[in-house]
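Please look through the structure below with the text beside it. The paragraphs that follow begin at one helix and its surroundings, and then turn to the cores, the sheets and a few single residues.

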Amino acid sequence: MNNDREIIIESRSPMCGIQAFVEKTKNSYYFYLWYNLMRDSSKVKSCWLCNRKKAPKKPDIKAMEKGEAPMMPAEFVKHDKKGMELDADRLSIVWFEEGNGAALFSGEEIIAVIPQWSGMNNFHGYSKYALGMNTLAWELNDAAAKNLAQRVVKGQRLWYKISGGDNAEMWMFLQEKPAKEFVGEVQTEYGIAFQGEAFSPKRVVQGTRNGVIYGVTAGVSLAALPLIEMYVEDNPDDHKRIEFGFAAEEKFSGLCKDMYVNLSSYAAMPWREETFFAHGHTVQMNNIKGFSAVLMVSARFQGLECPEYVNIIDSGKINTLWVVPITQEEYDFTVKNGIDELMKRAKDISRIHIFDGQNKFTV
């Protein structure tokens with residue numbers, strides 16, 4: 001990096017491959033989130049922090065033409081129009097509980113936030129030193145600061161609970177215990193590792209009970225799902241933590257390991273791709289002949305059996321999503337008509353989550 005640009009603080013998301021950092025240039029300070037480091041899908045979200053020099057009257061076109069971070073125009077600057085400096089020693093970064101948004105502190109005060117909805121509707125982030133709404137940053141007014149502070153506190157509480165080996169192992173014990181109790185005789189466990197992830201381990205626990213092989217995850221629900229509150233109005237806290245499961249009759253035991261690989265992929269996908277899974281979601285797959293996708297079926301919404309996971313982070317529920325293989329016809333019907341109409345055509349709702357080689361719906 002040249003002498004005109006300096007990274008003065010950085011932090012890696014404990015959940016996925018995102019790096020947060022503050023860059024100091026000759027003209028300004030910026031807060032960045034760099035997603036999917038060194039991959040084709042890499043992208044950067046930016047938020048202006050403050051100008052170091054006298055604010056221009058108009059947009060800093062010259063800087064942008066040179067590929068430099070522009071200064072904020074004077075009419076959108078709340079600090080001294082001549083510029084200001086940040087004390088790098090007082091800066092710290094706190095990640096949201098979803099792991100894909102972060103807040104920048106100076107001492108005990110939030111001075112900037114790049115939330116997970118950054119990049120939508122010409123919005124990129126909040127800055128304490130912005131005035132009004134500009135594409136470089138929106139003003140961190142009292143209402144926004146209060147709401148975001150609550151989210152930051154949740155993140156601080158989560159990462160504090162799992163920081164250090166002992167805490168991580170306790171979380172794993174609390175999650176594995178109900179998983180093992182549910183599957184019956186535990187036969188094996190498979191580790192789940194996410195690239196770039198820094199926090200506690202996750203596993204698929206497999207066991208056999210009453211002629212059925214069950215494989216359920218433990219530990220995925222530690223982090224909250226991204227974007228869930230933007231799509232769920234009725235108490236998002238009851239939808240933001242999930243675990244996965246796949247069940248099959250014993251004669252289909254040869255399918256299980258491949259399906260557990262799928263579970264591992266699904267467990268990483270929300271944070272890697274900024275999405276979420278919920279009841280009725282589908283993912284195409286080709287692991288099983290005659291079946292072209294899987295359907296996520298919520299045990300809670302359909303009254304199905306599932307482990308009784310313990311949530312030590314907050315009061316929200318942990319939802320088990322059973323991964324149900326479906327045929328191309330069932331997939332097409334779901335895409336066209338929705339999950340509620342599909343469920344009306346279930347052959348046996350009580351065993352919908354147990355793979356028996358047959359299609360589960362009449363479509």
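In this predicted model, helix α6 is followed by Gly338, a residue whose phi is positive, near 95°. The helix itself covers residues 328–337, and within this stretch Glu330, Tyr331, Phe333 and Thr334 are buried. When α6 is viewed down its axis, these buried residues fall within an arc of 165°, so they line one face of the helix. A general point about helices helps here: an α-helix has 3.6 residues a turn, so residues three or four places apart point the same way. On the other side of α6, by contrast, Glu329, Val335 and Lys336 are exposed. The buried residues of α6 are covered by elements that include the strands β15 (282–284), β16 (293–298) and β17 (318–326), together with helix α7 (339–343).

In the loop between α7 and β18 (354–355) lies Arg345. With a relative accessible area of 38%, Arg345 is partly exposed, and, leaving aside residues up to four places away in sequence, it touches Phe333, Lys360, Phe361, Thr362 and Val363. Arg345 and Asp237, for their part, are 108 residues apart in sequence, and their C-alpha atoms are 30 Å apart in space.

Which residues have the most contacts inside the largest nonpolar core? That core has 75 residues, and those with the most contacts inside it are Phe31, Trp48, Leu104, Phe244, Tyr266 and Phe277. Helix α4, which covers residues 253–273, gives the most to this core, with eight residues. Phe244 can serve as an example: apart from its neighbours within four places in sequence, Phe244 is in contact with residues including Gly215, Val220, Leu263, Tyr266, Phe277, Met296 and Val323. There is also a second, separate core of 28 residues, which includes Met172, Ala218, Ala247 and Tyr331; Tyr331 is one of the buried residues of α6. In soluble globular proteins, nonpolar side chains tend to be buried together.

The sheets come next. One open sheet has four strands in the order β1-β2-β3-β4, and its pairing is antiparallel. At its edges stand β1 (5–12) and β4 (43–51), each with a single partner strand, so one side of each is left without a neighbour in the sheet. Neighbouring strands of this sheet are turned against each other by 20° on average, with direction ignored. Within the sheet, strand β2 (residues 18–25) and strand β3 (residues 28–35) pair in the antiparallel sense over seven bridges, and Ile18 stands opposite Tyr35 in β3.

Another open sheet is formed by six strands in the order β5-β6-β7-β8-β10-β9, and here the pairing is mixed. Its edges are taken by β5 and β9 (133–134), each of which has a single partner strand, so one side of each is left without a neighbour in the sheet. Inside this sheet, β6 and strand β7 (residues 109–114) pair in the antiparallel sense over five bridges, with Ala103 opposite Val113 in β7.

The loop between β5 (91–95) and β6 (102–106) holds Glu98. Is Glu98 buried or exposed? With a relative accessible area of 4%, Glu98 is buried, because buried here means under 20% relative accessible area. If residues up to four places away in sequence are not counted, Glu98 touches Met15, Gln116, Arg151, Ala224, Leu225, Pro226, Glu229 and Trp271.

Terms used
Residues numbered from 1 in each chain as written. Predicted model: local features only at pLDDT ≥ 70, side-chain atom pairs only at ≥ 80, totals over all residues. Heavy atoms only, no water. Pairing = 2+ DSSP bridges. Helix = DSSP H or I, 4+ residues; strand = E, 2+ residues; numbered from the N terminus. Axes fitted to C-alpha atoms, helices over the stretch in contact; angles between N-to-C directions. Buried < 20%, exposed > 50% of the residue type's maximum accessible area, 1.4 Å probe, protein only. Contact = heavy atoms within 4.5 Å. Arc of directions from axis to C-beta. Core = buried A, V, L, I, M, F, W, Y, C linked by side-chain atoms within 4.5 Å.
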